[in-house]
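These are notes for a colleague who is opening this structure for the first time. Please read them with the sequence and the model side by side.

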Amino acid sequence: MKFAIVDGIRCTAKPKLLGKCICCNNTVRSYCGKERVHHWKHITAKECDPWYEGETEWHRNWKGNFNHIYQEVVKYDDLSGEKHIADIYIEQKDLVIEFQHSPISIEEIQSRELFYKRMIWVINVRPYYENISFHEDLGDAYEQYIHKPLINKKYNKVKELENKGLYKEANTIIESEYEWNYYEEIENRFFPDYYTKRNRAFAAKRTLERLDELRGKNPQIQGYSFSDENLINLRNWSKEHFSKEFLLMVWKYKHKRWDHAKMPMFFDLGDDSIYRCLENIKFGNGLIVKKYSKQFFIDHYKC
């Protein structure tokens, strides 16, 4: 914990201090070594809040972006008496922000969301950086990482059933439109005009390449120049399909537990940006995300 009560005052850990836990009021001791961030810890081995995650530099840095009165706020359920320490609670917005660094169970994800009701997750995926890629070319990436794996998976399942003589079950899978309807809905929502723009881009690129080829053979060729409006349009069309509001985030070994989260998720990869998950795509490892600067995120949520 970052805060404890010492002589009736909420304060951070300093060497050789004892205090009271902000949640259970039991005695806590300050730990102020050189390797780990300064923190408070219960003298007894058992923590009072089973959800509370050990303090890391990552946690501390994120919390430090918000006023100290919003950090480590104890939330109560008046009916059940249950209480937990929220990483950040902004009373004016009635919003909890949970910074998640360590693995977490599906049951705990669901329990936290049910308890806090209005919350967002900020998830540290920096340890998995090598397994995460972002794609601006949504259509091609979508085809490669979403459609193709699904087709292969369905094909393998059909062959497995046919080899067992279960032709009726195999045919049911072949005829199922559920996955395709789901993907079509995502395409219409996130990049409805992508393929139209991509086809126009390919045509524009071919025209530009042909013009360059002709100029190479005859530098005096007339009809087009770099200031010509038609040429400017061709150059714009050749790359307009990359101008997307969203990115496809492919997490090669995605932690499937996050498929069960219902509250907004933001991914922190350790750079100056944060990525909000807009669609955790079923049947694969893809997520549709939108990129924001961390400063924008902080300014948006802090009061």
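Which residues form one aromatic cluster with W58? The cluster consists of W58, W62, F99, F266, F297 and Y301. The points below start with the basis of the values and then come back to these rings.

1. Basis. This is a predicted model, in which local features need pLDDT of at least 70, side-chain atom pairs count only at pLDDT 80 or more, and totals for chains, interfaces and linings use all residues. Residues are numbered from 1 along each chain as its sequence is written, and side-chain values use heavy atoms, with hydrogens and water left out.

2. Overall form. The protein has eight helices and 14 strands; these are DSSP runs numbered from the N terminus, with H or I over at least four residues for a helix and E over at least two for a strand. The protein is more spread out than a compact globule, because its radius of gyration is 27 Å, well over the 19 Å that the globule rule gives for 303 residues. That radius is taken over C-alpha atoms, and the rule is 2.2 Å times the number of residues to the power 0.38. The C-alpha trace spans about 85 × 65 × 35 Å along the principal axes. Of the 303 residues, 41% count as buried, where buried means under 20% relative accessible area, exposed over 50%, and partly exposed in between (1.4 Å probe, protein chains only).

3. Aromatic pairs. The count is 15 aromatic pairs. Rings of Phe, Tyr and Trp (its six-membered ring) pair if their centres lie within 6.5 Å; planes under 30 degrees apart count as stacked, over 60 as edge-to-face and the rest as tilted. W58 and F99 make an edge-to-face pair, at 6.2 Å centre to centre with 90° between the planes. This pair links distant parts of the chain, with W58 in helix α1 (residues 57-63) and F99 in strand β8 (residues 95-100), 41 residues apart. Both W58 and F99 are buried. W251 and F267 are also edge-to-face, because their ring centres are 6.1 Å apart and their planes at 85°. Here W251 lies in strand β11 and F267 in strand β12 (residues 265-268), 16 residues apart. W251 and F267 are buried.

4. Helix α8. Two members of the aromatic cluster, F297 and Y301, are among the buried residues of helix α8 (residues 294-301), together with K294 and I298. These buried residues lie on the same side of α8, because they cover an arc of only 95° around the axis. The arc is that of the directions from the helix axis to the C-beta atoms.

5. Strand β11. Five of the five residues of β11 (residues 247-251) are buried. In a regular strand the side chains alternate between the two faces of the sheet. Both faces of β11 are covered, with L247, M249 and W251 buried on one side and L248 and V250 on the other. Strand β10 (residues 132-135) runs antiparallel to β11 and is joined to it by four bridges; two strands pair if DSSP finds at least two bridges between them. S133 stands opposite V250. Four bridges also join β11 to strand β14 (residues 286-293), again antiparallel, and the bridge partner of M249 in β14 is L287.

6. Cysteines. How many disulfides does the rule give? The count is zero, a disulfide being a pair of cysteine sulfur atoms within 2.5 Å. C24 has no such bond because its sulfur is 3.7 Å from the closest cysteine sulfur, in C21. C24 is partly exposed at 22% relative accessibility, whereas C277 is buried at 11%.

7. Charges over rings. R10 lies over the face of F3, at 4.0 Å from the ring centre, and K75 lies over the face of Y89, at 3.7 Å. The rule asks that NZ of Lys or CZ of Arg be within 6 Å of the ring centre and within 35 degrees of the ring normal.

8. Backbone angles to check. Most residues other than glycine have a negative phi. K16 has a positive phi of about 60°; K16 is in the loop between β2 (9-12) and β3 (18-20) and is exposed, with a relative accessible area of 85%. N25 has a positive phi of about 70°. The residue N25 lies in the loop between β3 and β4 (27-31) and counts as exposed at 51%.
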